[in-house]
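The following paragraphs introduce a protein structure to a reader who has not met it before. Please consult the sequence and the model shown here while reading.

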Amino acid sequence: MSIEAPAEGRRWRCAQCGNLTRFDVVRTVRSRDYVHLDLAGEPRVEESRVLEEAIEQVRCRWCGADDAVQAVDRPDAGAAESGAEG
């Protein structure tokens with residue numbers, strides 16, 4: 001099951017318990033990193049660019065449901081859009 005990431009005007013909500021704020025997210029990220037090694041050989045990532053990202057699972061932190069999290073419209077999303085038109 002794939003779920004969309006929250007974006008402007010959208011958020012996650014657990015349909016089982018109503019949670020809107022706490023989730024455990026399993027995702028796969030393909031990135032290009034610039035790694036700087038100091039003289040002792042210790043690596044430090046100085047730049048990172050996400051090339052591809054996929055959310056595999058979102059689990060509600062409150063009730064543990066991993067099949068009830070949905071992306072829903074924010075209640076103020078319509079007000080923000082109508083304000084931009086005027």
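How many salt bridges does the structure hold? In this predicted model, there are seven salt bridges.

Three residues, Glu4, Arg10 and Asp73, are joined in a network of such bridges. Within this network, Glu4 pairs with Arg10, and their closest N and O atoms are 3.3 Å apart. Arg10 also forms a salt bridge with Asp73, where the closest N and O atoms are 2.7 Å apart. Because Asp73 belongs to strand β4 (residues 69-73) and Arg10 to strand β1, this pair ties together parts that are 63 residues apart in sequence. The three residues can also be described by their accessibility. Asp73 counts as exposed at 52% relative accessibility, while Glu4 is partly exposed at 41% and Arg10 is partly exposed with a relative accessible area of 22%.

A further salt bridge links Asp66 to Arg59, with the closest N and O atoms 3.5 Å apart. Asp66 is partly exposed, having a relative accessible area of 30%, and Arg59 is likewise partly exposed, with a value of 32%.

Attention may now turn to a loop. Asn19 is located in the loop between β1 (10-14) and β2 (23-37). Is this residue, Asn19, buried or exposed? Its relative accessible area is 0%, so Asn19 is buried. The surroundings of Asn19 include Trp12, Arg13, Cys14, Cys60, Arg61 and Trp62, with which Asn19 is in contact when neighbours within four places in sequence are left aside. In addition, the side chain of Asn19 reaches the backbone nitrogen of Thr21 at 2.8 Å.

Key:
Residues numbered from 1 in each chain as written. Predicted model: local features only at pLDDT ≥ 70, side-chain atom pairs only at ≥ 80, totals over all residues. Heavy atoms only, no water. Helix = DSSP H or I, 4+ residues; strand = E, 2+ residues; numbered from the N terminus. Buried < 20%, exposed > 50% of the residue type's maximum accessible area, 1.4 Å probe, protein only. Polar contact = N/O pair within 3.5 Å; in protein donor to acceptor, adjacent residues only side chain to side chain. Contact = heavy atoms within 4.5 Å. Salt bridge = Lys/Arg side-chain N within 4 Å of Asp/Glu carboxyl O.
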